[in-house]
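Below are some points on the model, set out in the order in which I would go through them with the coordinates open. They begin with the chain as a whole and then turn to individual elements and residues.

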Amino acid sequence: MLDDDTLNDGGNRSDSPSGVADDLASAIDLATKVLPEKVPLLPLHHRPIFPGMVLPFQSNDPLFGHTLRAAMDSGKMMGFVLVRNPGMSAAEGLSLDDVHRTGVVGRILKAGETEDKHFQMLVQAVARMRIVELRREGPVYFATVTYPAAEPEVHTTEIRAHTLAVIQALKEIMRRNPLFKEELSQLMASTSINDPNRLADFAAALTSAEPHELQDILDTYDLLERLRKVLLLLKKEIEINELKEEINRQIQERMTKQQREFFLREQLKVIKKELGLEKDEKTAQIEKYRERMEKLELPDEVRKVVEEEIRKFEMLESHSAEFGVVRNYLDWLLSLPWGIETKDNLDPEAARAVLDRDHYGLDDVKDRIIEFIAVSRLKGELSGSILCLIGPPGVGKTSIGRAAAEALGRKFFRFSLGGMRDEAEIKGHRRTYVGAMPGKIIQSLKTVGTQNPVIMLDEIDKIGASFQGDPASALLEVLDPEQNHAFRDHYLDVPFDLTKVLFIATANVPDTIPPPLYDRMEVIRLSGYILEEKLEIAKRHIVPRQLERHNMPPGGVRFTDGALRFLIANYAREAGVRSLEKMITSILRKIAVEYASNGVKKITVKKDDVVRYLGKPRFPEDSIWKKLEPGVVMGLAWTPLGGATLYVESRAIPSRNGSFKQTGQLGNVMVESSAIAYSYVKSRAAYFGGDPAFFDAHFVHLHVPAGATPKDGPSAGITMASSLLSLLLDRSVPPDLAMTGELTLTGRVLPVGGIKEKIIAARRSKVKKVILPADNRKDLEEIPDYITEGIEFVFVRRFEQVFRSVFPPADNGGGK
């Protein structure tokens, strides 16, 4: 198949030498007298050709080759016709309806085959033809054609006028488009107004009109009508050329203006440089780098790298791709605080005053910071350290880090590790990547401008990992005192000393922190606040801060202690104070409405007002279980949000076969603990004074309420055993007694964690007696007295001691 890309120079004008048209004029006349009725047909896909044109063809399509051979064997005559659908392949088979009826018959002047197996020919288009029949003989299409009768050459005045208009339009095109100058000159020299047929066809072929517009010209046999259509195409071509010239002129003007400004700027730079008034941008940048380098205390290795990069920068042209890369690298290297430190405040008393000013409680963290300052005062310098604050949300982990920086007189920078999955966020990208930049550690040092800031790594327990690397592993070098004296960021690739940085990490739970990373940090646990602590925090910090944010006068709104206690106990029981602050803010917004509506200027919020502002309490009263039935025991649990009380219930249903069932969305460890408790109590039923056959004759169901909440862990072992024992003996457990501890199959009580959080929960629930494993006595000693005050603690090593504490000897009949 032959596409119009096989026509040399677009196939829309003759490429023959100037003498070819004259030499072949007589040949055309002769050929038109002896034209075959049957010709091999070559389908065209993009543009038709017109009589009088001399065109070269070249293609490696097999159909082209077969059609060319058939034409050479049948008088060197070939037909050319435009297909109706350009996307249709002749190999699929063409019918008469697939091609236009009017085409052109041409004589092959030259034909041959190139070394790369391409067929080529030079064709002289002779005359129009009309296809009557189309059939395929082997691979070649043959068309039976007729030729329109030649019209008498009657050149009317109107034809002469249209011919002159066409010639004038062609001259205008030649003036605007020099590419057509040679072809048009030949046409003007060989064509006069007495040959309008050839003029019309040639002029149509010269335009860039659409294929259907050109085919319309070819289909038009009436000379006057053809001249009119050609004239319209030429006018349209002139308009396109005018628009093209306007676009080129606008672009040229813009480019000329930019070039003029560029040359003027370059001349101005040269003049200023010669007069010593100004240096070029590159020279000024290099001098700036050298000044920075002299001011900073660069290590020898870093200084050597900087000097090499500056020398490289001097040799680079400003338009080169590497110029920007080297400049950015030098900017980062010389913008870091090499040797720049803030003066530390090593006065423990002053630091304690700053910490106490913004935070109530948190004595463990405050003591560790004071110890850090005291040791640094003895050493004469304050070296870096890595602290990890683990506690529930809202207990002040992030704010205490900011206060620590203020107490030390250091700059503070915080960034969150939550959801971070790319190692490059910590250690940076290598400079080979487009858009590479250092990691967060180096960015933070540039931001604070000192080498010894306090950097807070927030949410370290929520760090992720992906195919892009493990950020937790990248932090190992950052948080290891043995390695971070020469921390290498991938982008900088030079060592930076991080030993003077105080890192403070925060987390809600330690379980998701990788063990190697956890081992490098000094862990300080922050338990939740009890009611008294929340009360003081609300009075000292939350209420004054929110009054200021709401633009209310300090004495305009006052909360009574009773209102705050009721608010804390019934609306904000979580371990932290974030929810408490939200509730106080909600009350102040409603008071603001009263200010605006009624003009009230002074309000005292009492207990009853809290319900009016916030609605019904979110939490029930602490002591809803006034009297516990047999089989119900209060336990103590630890959660990521702090401590909580946990009730365990047991019920026995008569059955021929004794069995045991647990519900309450218990985890695997807790299910195992319940099975151990069941087996232990069943095996020791006689010792505790119960019926040994009780469990064989009953189906026992153990349930832990709040079934929608997943629960797991071994610390409810003695609680579940006490519940089963209470069911066995049909005796109630005191409602103000709680317990926690792991139970073994032989009755030993093992230590558990989260003691402080559990004791806070017990105090919040007005518990008077708590049973703990004996090995947890040391944990109790670390809890402040005001939390343990009023609570009796019983330490046990075996479950028999739990039994005697829950059911004193005067009340039970067993346990001899």
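1. Overall content. The protein chain carries 27 helices and 24 strands, and it should be kept in mind throughout that this is a predicted model. Of the 816 residues in the protein chain, 48% are buried, while the accessible surface of the chain comes to about 40,200 Å², with 52% of that surface belonging to carbon and sulfur atoms. When contacts in the chain between residues at least 6 apart in sequence are considered, 75% of them join residues at least 24 apart.

2. The five-stranded sheet. Five strands form an open sheet with parallel pairing, and their order is β8-β9-β12-β7-β13. The edges are taken by β8 (412-416) and β13 (522-525), each of which has a single partner strand, so one side of each is left without a neighbour in the sheet. From one strand to the next, the twist averages 20°.

3. Pairing at the β13 edge. Strand β7, covering residues 385-390, runs parallel to β13 and is joined to it by four bridges. For anyone wishing to check the register by eye, L387 stands opposite E522 in β13.

4. A helix on the sheet. Helix α13 (residues 397-408) packs on this sheet and touches β7, β8, β9 (454-458) and β12 (502-507). The direction of α13 makes about 175° with that of β9, an angle that counts as roughly antiparallel because it is over 145 degrees.

5. The loop after β9. E459 lies in the loop between β9 and α16 (471-478), and this residue has a positive phi of about 55° although it is not a glycine. Most residues other than glycine have a negative phi. With a relative accessibility of 25%, E459 counts as partly exposed.

6. A second positive phi. N551, which is likewise not a glycine, has a positive phi of about 60°, and its place is in the loop between α18 (531-549) and β14 (557-559). Is N551 buried or exposed? At 71% relative accessibility, N551 counts as exposed, since the cut-off for that class is over 50%.

7. A helix pair. Two packed helices are described by the angle between their axes and the distance between the axes. For helix α20 (residues 578-598) and helix α21 (residues 607-614), the angle is about 85° and the axes are 10 Å apart, which makes α20 roughly perpendicular to α21. On the α20 side the contact is made by M583, S586, I587, K590, I591 and E594, and on the α21 side by R612, Y613 and L614. By class, the residues of this contact divide into five nonpolar, one polar and three charged.

8. A mostly covered helix. Helix α24 (residues 755-764) has seven of its 10 residues buried, namely I755, E757, K758, I759, I760, A761 and A762. What covers these buried residues includes the strands β16 (632-639), β17 (642-654), β23 (769-773) and β24 (792-796), together with the helices α25 (777-781) and α26 (785-788). Just after α24, K766 takes a positive phi of about 60°.

How values were computed. Residues numbered from 1 in each chain as written. Predicted model: local features only at pLDDT ≥ 70, side-chain atom pairs only at ≥ 80, totals over all residues. Heavy atoms only, no water. Pairing = 2+ DSSP bridges. Helix = DSSP H or I, 4+ residues; strand = E, 2+ residues; numbered from the N terminus. Axes fitted to C-alpha atoms, helices over the stretch in contact; angles between N-to-C directions. Contact = heavy atoms within 4.5 Å. Parallel < 35°, antiparallel > 145°, perpendicular 65-115°, else oblique. Nonpolar A, V, L, I, M, F, W, Y, C, P; charged D, E, K, R; others polar. Buried < 20%, exposed > 50% of the residue type's maximum accessible area, 1.4 Å probe, protein only. Areas by Shrake-Rupley, 256 points an atom, 1.4 Å probe, with all protein chains shown as cover.
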